[in-house]
Amino acid sequence: MSEPLLDVRDLRTEFKTDDGIVKAVDGVSFKVEPGQVLGIVGESGSGKSVTCLTVMGLNDSKFATSTGEVLFRGEDLLKASSSRLRTIRGDEIAMIFQDPMTSLNPVHKIGRQLAEAVVLHNDVSNKQAYARALELLKAVGIPRAERRIDDYPHQFSGGMRQRVMIAMALINNPDLIIADEPTTALDVTTQAQILALLKRIQDDFGSAVIMITHDLGVVAETADDVIVMYAARIVERGPVRSIFNEPRHPYTWGLMGSLPRLDTDLERLYQIPGQPPSLLNPPSGCRFHPRCAFAMPICRQQDPRLMAVGSDTLHEQACHLDEATKAREAAKLVAMFTAGASSS
Amino acid sequence: MLRYLIRRLLWACVLFIAVTFVTYAIFFLVPANPARLAAGQSATPERVEEVKHFLGLDRPFYVQYAKFLKRLVIEGSLGQSFVTRRSVNEEILRAAPITASLVFGAMIMVLSIAIPLGIFSALRPRSLLDRTAMIYVLIGISLPSFWIGLVLSYVVGYKLGWTPIAGYCEVFSVPEAAACGGLWDWAYHMILPCLTLAIVVAGTYVRFVRAEVMDTLSMDFVRTARAKGAPEHRVIRKHVLRNAMLPVVTMVGMDIGLLLGGAIFIEAVFGLPGLGGTALESIGRFDLPVLQGVVIFGAIAIIIFSLVVDILYAWIDPRIRLT
């Protein structure tokens with residue numbers, strides 16, 4: 001692993017709106033190694049989707065401006081021409097979207113929509129493209145794929161459509177797949193199937209995956225590393241094991257506390273009080289302080305930097321709380337989970 | 001698909017019955033004494049009674065309507081003019097092609113103006129082109145058609161002399177006494193009326209196409225197409241347009257039907273003896289069968305075009321076929 005596949009450095013994306021400038025992504029840096037699964041977690045509006053749309057160059061250029069660097073195999077995608085971006089999109093980097101009900105074109109047969117992705121990037125005949133489409137439909141587990149390839153999107157269920165979307169993302173063997181809340185719009189049993197499929201596919205195809213979600217459970221099941229985003233910034237990051245065993249940021253605790261679990265006898269779900277802040281005018285200091293149960297005077301004034309947790313250089317967090325308190329609170333939370341798990 | 005077709009056809013029949021019923025009721029029950037109108041101004045009361053019996057007006061309403069419907073459906077006859085005694089069918093068959101030329105010609109012009117203009121406006125909102133188009137739209141919607149017609153007729157027809165000021169020429173079966181005839185003369189005479197109607201109608205269509213395209217551009221599947229790496233022109237052509245044109249097809253179908261009922265003002269301005277002119281004339285003469293004929297013909301045109309639109313729609317949008 002000499003060079004990371006994707007190296008995002010100090011990415012900032014701003015949107016011009018009628019009310020002012022919204023800093024949707026504010027100084028985000030991360031790396032994705034080949035074959036790695038990176039989970040990006042956060043509430044709606046935390047900037048996780050915009051980060052990925054920026055990587056894909058899919059923000060509306062009329063309203064959005066981005067600075068920083070998005071190095072894909074060393075090439076800065078922010079500086080790339082739109083035609084260069086097009087050759088990368090759908091070929092080397094592919095995307096799976098949140099809502100499979102609306103992400104497929106209702107007037108074209110799915111075979112045609114899949115084949116389009118092949119033809120756009122490869123010098124092949126339509127027939128070959130269809131053959132490839134059929135192959136992928138089978139790979140993602142569409143029953144009777146030979147017949148279904150000539151069906152229209154409305155003839156598929158939500159879960160089946162998401163399989164089609166996954167097939168479309170995989171069709172050109174991309175090195176990186178960005179999955180933007182791929183299971184959010186699906187019902188629970190289907191979610192599990194789609195996650196299992198993504199995992200299997202990831203093993204088979206060896207693509208790196210950025211998994212965007214607001215659901216820590218999804219991250220726990222799929223990701224190698226986790227980034228927790230809050231209000232356009234990264235508040236904590238680390239290997240999935242570290243995040244779950246030694247969470248260090250009060251916001252991460254909040255996310256973990258709000259995970260519904262069947263195996264704990266918690267009276268009720270923990271909630272993070274209040275709403276995510278407006279990015280038009282974010283709070284001073286630590287952006288989480290208005291909602292944080294541990295907020296101190298310094299949190300209002302000084303913006304915490306991302307710092308390594310103890311000697312673990314892979315695990316970083318941005319919080320002013322002292323180590324002892326954080327260790328104690330994290331231990332309490334983890335104990336609660338393990339106690340729940342062992343009592344069941 | 002077949003079930004869909006049959007359902008649409010049945011629905012068209014229901015619509016036909018309803019429309020003829022209402023029309024019949026309006027024209028033959030509302031006037032105090034249609035027999036008096038039919039018999040003429042100076043008829044004696046005995047003569048009026050005779051006419052009343054002859055026309056079947058002394059029978060109960062449902063019998064009259066049933067006879068009317070039977071004649072219309074089985075014989076395809078709309079009756080006879082009170083004034084000229086000629087069959088209403090003949091009147092309409094003579095006038096309808098003129099109105100149809102006007103309407104179809106105008107619709108072709110409308111679409112060739114509105115579709116490109118609407119698309120470009122949608123792709124570059126707030127640009128100079130978009131703003132100019134919006135001004136045009138406002139003018140097209142606000143100005144009355146007869147005014148545009150008169151101005152065009154004066155400027156293009158009279159001052160510049162590029163087109164005739166008014167009048168109509170037959171394409172086929174040109175009468176002996178006619179001053180002009182044939183395809184060329186026909187087109188030459190139709191161009192200004194069509195343009196007038198097109199200017200009036202196109203405004204609405206530019207707005208409509210623009211709104212539909214903008215709406216479709218914000219759809220998720222458009223983003224999917226871009227994420228595939230499709231170039232913008234392909235995204236527009238393959239993914240946006242077909243979806244955006246769905247509602248436009250409906251509107252065209254409805255409007256053609258509607259306009260076939262008579263583009264009265266424009267026909268009047270350019271002296272076209274179309275359905276609008278025929279209707280106008282028959283109103284002046286209290287010639288109820290002719291007026292009723294025009295209305296029923298217009299209604300049937302709307303029904304038929306709605307049916308055509310429904311079928312076209314199913315062909316363009318696969319989601320319709322199942323429902």
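Here is a walk through this structure, starting in chain A and ending in chain B. Keep in mind that what you're looking at is a predicted model.

Let's begin with a sheet in chain A. Four strands make up this open sheet, in the order β2-β1-β4-β5, and their pairing is antiparallel. At the edges sit β2 (20-32) and β5 (75-76) of chain A, each of which pairs on one side only. If you'd like to zoom in on one pair, take strand β1 (residues 6-17) of chain A and β2(A): they run antiparallel and are joined by 10 bridges. To find a spot on that pairing, look for A:Arg12, whose bridge partner in β2(A) is A:Asp26.

Further along chain A there's another pair of strands to visit. Strand β6 (residues 93-96) of chain A runs parallel to strand β7 (residues 176-180) of chain A, and four bridges join them. One handy landmark here is A:Ile96, which has A:Ala179 as its bridge partner in β7(A). Which way do the side chains of β6(A) point? A:Ile93 and A:Met95 go one way, while A:Ala94 and A:Ile96 go the other, and all of them are buried. That fits a general pattern: in a regular strand, side chains alternate between the two faces of the sheet.

Now for a couple of oddities in the backbone of chain A. Just past β7, in the loop between β7 and α7 (188-205) of chain A, you'll find A:Glu181. This residue is not a glycine, yet its phi is positive, near 45°. Is A:Glu181 buried or exposed? It has 20 C-beta neighbours inside 10 Å, so it counts as buried; the cut-off for that is 20 or more.

A:Arg144 is another non-glycine residue with a positive phi, in this case about 50°. Its home is the loop between α4 (126-139) and α5 (145-148) of chain A. A:Arg144 is exposed, because there are 10 other C-beta atoms within 10 Å, and 12 or fewer is what it takes.

Next, let's see where the two chains meet. On the chain A side, 22 residues are in contact with 18 residues of chain B. Two elements of chain A, α2 (82-88) and α3 (110-121), give two or more residues each to the side that touches chain B. The most comes from α3(A), with four residues. Sorted by class, this side of chain A has 10 nonpolar, seven polar and five charged residues.

Crossing over to chain B, look for a pair of helices: α8 (residues 183-217) and α10 (residues 232-260). They pack at an angle of about 150°, and their axes are 8 Å apart. Angles over 145 degrees count as roughly antiparallel, so that's how α8(B) and α10(B) lie to each other. The crossing of α8(B) past α10(B) is right-handed. Among the residues that meet here are B:Val201, B:Phe208 and B:Val209 from α8(B), along with B:Val240, B:Ala244 and B:Met251 from α10(B). Taken together, the residues of this contact are 10 nonpolar, two polar and two charged.

Our last stop is B:Ile304, in helix α13 (residues 288-316) of chain B. It has 16 C-beta neighbours inside 10 Å, so B:Ile304 counts as partly exposed. You can also look from there to B:Val19: the two residues are 285 residues apart along the chain, and their C-alpha atoms are separated by 13 Å.

Notes:
Residues numbered from 1 in each chain as written. Chains lettered and ligands numbered in written order. Predicted model: local features only at pLDDT ≥ 70, side-chain atom pairs only at ≥ 80, totals over all residues. Contact = placed C-beta atoms within 7 Å. Nonpolar A, V, L, I, M, F, W, Y, C, P; charged D, E, K, R; others polar. Axes fitted to C-alpha atoms, helices over the stretch in contact; angles between N-to-C directions. Parallel < 35°, antiparallel > 145°, perpendicular 65-115°, else oblique. Left-handed = near helix turned anticlockwise from the far one by under 90°. Pairing = 2+ DSSP bridges.
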